[in-house]
Amino acid sequence: MLDPRSEIYPSIEYRPIQPSDLEVLEKIHLSLFPIRYEREFFLNVVNGHGIISWGAVDTSRSDEGRDELIGFVTTRMIAAKDSEIEDLFRYNYSHKDLTLLYILTLGVVDSYRNLGIASSLVREVIKHAASVSNCRGVYLHVISYNQPAINFYKKMLFKLARRLPMFYYIRGQHYDSYLFVYYVNGGRTPCSPLEIVTSFVVDFRAFLKMLVNKFWSKEEKSIPRWSRCKESTTLLASQNNNKRIISGEDTRCHV
C-alpha cells in the first residue's frame, strides 16, 4: 500500500472490475461499509451480471499488487419508473423508457484517500451515463450521518433531491438517507411552478381531447353507415374553411 508520508504520487489507472478482483473487492467492502453484502453481489460485480463497475489500480507499484484494487465504484442501470425519483421525470410522458444509473457502492482504501480517486471514479460513471441516450441521471443514497460523503457529492455537483426517513436499518437502528442526483442528457430538477402548471394544462387538454374522440367514436358506431358518409362531407368542407394553425412551440417541460 501507499505510504501516506510519501511525496510521490502514484500512477492510477481505471478499468472494469474483473473476476480476479473478487477477494480484494470483498475485503475492501467489509472494511469500509457498515452493511454486509451477500456473496452473490460480489459475483455479479466481477462477472458483470447486471452491474457496471470501474476499479482503480496503482500501476506505479513495483510489487505484485500493481493491478490490485485500491478503489472501486459499482453501478446498475434501472428504469426511471422503478426508482424513488420517478416523479422528477413524470412531467414528460413522451419518454416512457427513461433510465437512470444508480451508484451501488463507492470506496477507496484509506492509504489512497485524498488523491482524487473517488472523484475520477464518479466522473467515469457520469461519462458512461451521458453516453446512454435515454439515461437522464446518476443517483445514489447517502446515510444521513455521513457528512464527508454528503460534502463530496455536493462538490461533484450532485443535487439533493430529498430526505428519506428511516431508509437504512443497521444493527437494530434506523437511519435516514439523503438521495442525490446528477442530471445528464437534458435531465433536470423539477420545473418552475409556471412550467408545471403549463404542463398540467397541456396534458389535461390532451386528456379531454382523448375523451371527446372516444365519445364521438362511440357515437359514430351507432349512426348508420350512409348517414356517417353524408356527415363526413360536411365536416371536410368545414375543415377546409377553418384551418387550425398549430404553434411549433412546446411549453411542456423536457428532461
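Buried here means under 20% relative accessible area, exposed over 50%, and partly exposed in between (1.4 Å probe, protein chains only). By that yardstick, 36% of the chain's 255 residues are buried. The model shown in these views is predicted, so local features need pLDDT of at least 70 and side-chain atom pairs count only at pLDDT 80 or more, while totals for chains, interfaces and linings use all residues. Numbering starts from 1 along each chain as its sequence is written, and side-chain values use heavy atoms, with hydrogens and water left out.

**View 1. The whole chain, with its 6 helices and 7 strands.** Helices (H or I, at least four residues) and strands (E, at least two) are DSSP runs, numbered from the N terminus. Read from the N terminus, the order of elements is β-α-α-β-β-β-α-β-α-β-β-α-α. Contact means heavy atoms within 4.5 Å. Of the contacts with a separation of 6 or more, 70% are between residues 24 or more positions apart.

**View 2. An open sheet of 7 strands, with mixed pairing.** Two strands pair if DSSP finds at least two bridges between them. Walking across the sheet, you meet the strands in the order β1-β2-β3-β4-β5-β7-β6. At its edges are β1 (12-15) and β6, each of which pairs on one side only. From one strand to the next, the twist averages 25°; angles run from 0 to 180 degrees between N-to-C directions, with axes being lines fitted to C-alpha atoms, for helices over the stretch in contact.

**View 3. Strand partners β3 with β4 and β5 with β7, both antiparallel.** Strand β3 (residues 69-79) is joined to β4 by 9 bridges. To find your place in this pair, look for G71, whose bridge partner in β4 is V108. Over at β5 and β7, the count is 7 bridges. A handy landmark there is H141, which stands opposite L179 in β7.

**View 4. The hairpin of β6 and β7, with 2 residues between the strands.** Here 8 bridges join the two strands, which run antiparallel. I170 has Q173 of β7 as its bridge partner, and L164 stands opposite S177 in β7. In the turn, R171 has a positive phi of about 50°.

**View 5. Two residues other than glycine with positive phi, L157 and M166.** L157, with phi of about 70°, sits in the loop between α4 and β6. Its relative accessibility is 56%, so L157 counts as exposed. M166 belongs to strand β6, and its phi is near 50°. With a relative accessible area of 53%, M166 is exposed.

**View 6. E13 in strand β1.** The relative accessible area of E13 is 44%, which means that this residue is partly exposed. Beyond its neighbours within four places in sequence, E13 is in contact with G55, A56, V57 and T59. S60 is 47 residues away along the chain, yet 9.6 Å separates its C-alpha atom from that of E13.

**View 7. Helices α3 and α4 lying across strands.** α3 lies across β1, β2 (52-58), β3, β4, β5 and β7 (173-183). Against β4, α3 runs at about 165°. α4 lies across β4, β5 and β7, and its angle to β5 is about 160°.

**View 8. The largest pocket, with about 1100 Å³ of space.** On a 1 Å grid over the protein atoms alone, a cavity is a set of points where a 1.4 Å probe fits but cannot get out, and a pocket is an open set with protein on both sides within 12 Å along at least five of seven lines; lining residues have an atom within 4 Å of a point. Grid points are joined across faces, edges and corners, and the volume is the space filled by probe spheres set on the points. The lining has 37 residues, and those closest to the centre are F33, L106, N146, A149 and Y153. Two or more lining residues come from each of β4 (99-108), α3 (117-131), β5 (135-143), α4 (147-155) and β6 (159-170). β4 gives the largest share, 7 residues.

**View 9. The residue types of that lining: 27 nonpolar, 7 polar and 3 charged.** Ala, Val, Leu, Ile, Met, Phe, Trp, Tyr, Cys and Pro count as nonpolar, Asp, Glu, Lys and Arg as charged, and the others, Gly among them, as polar.
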